[in-house]
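Please read the following walk through a structure with the sequence and the coordinates side by side. The account begins with whole chains and then moves to a single helix and the residues around it.

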Amino acid sequence: MIATEVAEILLFPGLTFFVWVAFLFDWLDRKTSARMQQRVGPLLAGPSGVLQPVADFFKLTSKEEIVPEFADRFIFFLGPALFFSAPAMGIIFIPILGTTAIVSNQYDLLFVLFIIAFSALMAAFLGYAAAGRWSTIAMGRLIAQYTGYEIPMIIALITPAILAHSLSITGIVQAQQSIWYIVLAPLSFIVFIVSALAELEKPPFDIPSAKTEIVGGWMTEFSGRPLAYIKLTKNLGYAFLSALAVSLFLGGPLGPILFTDPMLQAALYFVYFVVKLLFVGFLIFVIRTALARIKIDQAVRFFWMVITPLSLIQLAFIMVVWWK
Amino acid sequence: MIGRMPTLDPFVIAGPVLIVVADIIVYVAVGKLGSKSSGKGGKYQPFTGGEEQIPARGTYQSELFVFAALFMVVEAFALIVAGSFASPTNLYPLLFLAGGGGVIVAVTWWLMLVGGMRY
């Protein structure tokens with residue numbers, strides 16, 4: 001029993017599975033943006049270049065790790081591993097093969113919210129630890145952006161919790177048997193996707209890692225294994241936030257057809273979940289390719305003046321109309 | 001009447017710990033693939049993009065770093081308060097909104113006071 005649970009956490013549908021999903025998301029992201037820009041995208045490693053992110057990861061890990069003269073050595077070396085652990089810890093609370101997650105607790109959504117905050121602040125710590133000009137500028141931008149998108153994201157995530165009367169992701173998924181929460185709280189879904197773009201530093205909110213302005217942003221000084229891990233973590237975060245959106249707004253692994261055989265049903269749950277996951281991922285790929293970067297003051301103003309009020313309007317509507 | 005505490009799945013704590021441990025083990029193992037180097041001058045200087053040399057580390061906004069840690073603690077507290085909303089009243093969600101909003105306002109204010117909002 002314990003061995004099964006450990007295998008689920010570390011292998012399938014836990015960490016290892018999501019690492020492969022992260023590689024797949026990276027490939028799909030690059031392929032989608034390439035198609036939209038009349039390019040070919042990754043082509044050589046594996047069929048249609050699907051193994052290119054894996055090849056990139058191992059290429060980076062085999063390169064020299066250079067520690068800059070003024071860097072904080074401890075955070076510089078260990079930080080990327082802790083940064084990676086943030087989304088990695090969150091995925092075990094997502095129901096995939098059924099309506100119950102590998103691990104669930106009545107307050108696990110709060111833990112996930114804390115993980116999201118931890119991830120953003122870990123990125124700021126890494127930027128500070130690198131002690132470079134560009135990474136310090138990027139860290140300031142990252143914190144400024146964080147103060148903009150954090151509150152609307154939390155409100156957007158707490159709205160389905162209020163609808164379900166549960167702070168457990170498993171509980172929220174189970175409460176969507178009759179209707180998905182994207183129908184009851186569409187604004188929250190939009191707010192979450194926009195905030196997720198900011199959390200993932202994707203255009204139009206790629207301000208902390210703006211390549212044409214501040215070199216590589218807060219990642220400028222990283223090389224070799226730490227850089228490989230940081231890039232993998234960003235893609236894992238991509239997959240994790242998409243999975244969270246699927247669970248809280250699109251019914252998680254729930255679907256229209258049910259089987260009596262438990263194995264077949266688990267397989268069907270998995271298929272439903274993956275289809276929805278790819279849908280949300282694709283939505284983010286398209287938005288991030290279609291939009292250009294805005295300035296940091298515009299981003300913060302946009303979150304405070306537009307997105308936060310939207311999230312509050314949806315929450316107020318839910319509390320007035322649907323609260324029982 | 002005081003209800004009984006629900007039993008806690010040990011993997012709620014063990015699961016994340018297991019992931020962090022496995023992550024660090026793999027991270028250290030992967031580190032064997034490439035070489036490491038550190039030192040002074042030359043290639044160990046932070047990247048300047050062809051501009052003048054960067055100022056010494058001491059001029060950076062260290063208050064921001066301390067503040068980020070404080071922010072985590074306060075936010076965790078706000079989330080715990082929010083966790084009480086399983087009770088059949090809308091008081092706690094409102095408390096959560098007030099708490100979360102208050103924290104962000106305090107954070108932003110402090111950032112501006114210490115000059116950490118420079119970008």
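Helices and strands are taken here as DSSP runs, with at least four residues for a helix and at least two for a strand, and they are numbered from the N terminus. In this predicted model, chain A has 13 helices and one strand by that count, and along the sequence these elements follow the pattern α-α-α-β-α-α-α-α-α-α-α-α-α-α. Chain B comes to three helices and one strand, which run α-β-α-α from the N terminus on.

The overall form of chain A can be checked against a simple expectation. A compact globule of 324 residues would have a radius of gyration near 20 Å, and the value for chain A is 20 Å, which agrees; along its principal axes, the C-alpha trace spans about 60 × 45 × 45 Å. Of the 324 residues of chain A, 59% count as buried, and residues 24 or more positions apart account for 79% of its contacts with a separation of 6 or more. For chain B, 21% of the 119 residues count as buried, and among contacts between residues at least 6 apart in sequence, 48% join residues at least 24 apart.

In soluble globular proteins, nonpolar side chains tend to be buried together. The largest nonpolar core in this model has 127 residues, and those with the most contacts inside it are Ala22(A) and Ala245(A). Leaving aside residues up to four places away in sequence, Ala245(A) touches Phe189(A), Phe192(A), Ile193(A), Leu250(A) and Val280(A).

Helix 4 of chain A, residues 73–90, repays a closer look. At 1.5 Å a residue its 18 residues should span 26 Å, and its end C-alpha atoms are 27 Å apart, which agrees. The helix nevertheless has a kink of about 45° at Gly79(A), shortly before the proline Pro80(A). It is also mostly covered, since 14 of its 18 residues are buried.

What does Met122(A) touch, not counting residues up to four places away in sequence? This residue lies in helix 5 of chain A, residues 108–130, and its contacts are Gly79(A), Leu82(A), Phe83(A) and Ala86(A). An α-helix has 3.6 residues a turn, so residues three or four places apart point the same way. The C-alpha atoms of Met122(A) and Ile75(A), 47 residues apart along the chain, are separated by 9.6 Å. Met122(A) is itself buried, because 22 other C-beta atoms lie within 10 Å, and a residue counts as buried when that number is 20 or more.

Notes: Residues are numbered from 1 along each chain as its sequence is written. Chains are lettered from A and ligands numbered from 1 in the order in which they are written. This is a predicted model: local features need pLDDT of at least 70, side-chain atom pairs count only at pLDDT 80 or more; totals for chains, interfaces and linings use all residues. The expected span of a helix is 1.5 Å times one less than its number of residues. The bend at a residue is the angle between axes fitted to the seven residues ending there and the seven starting there. A residue is buried if 20 or more other C-beta atoms lie within 10 Å of its own, exposed if 12 or fewer, and partly exposed in between; C-beta atoms are placed from the backbone. Two residues are in contact if their C-beta atoms, placed from the backbone, lie within 7 Å. A nonpolar core is a set of buried Ala, Val, Leu, Ile, Met, Phe, Trp, Tyr and Cys residues joined through C-beta atoms within 7 Å. The radius of gyration is taken over C-alpha atoms; the globule rule is 2.2 Å times the number of residues to the power 0.38.
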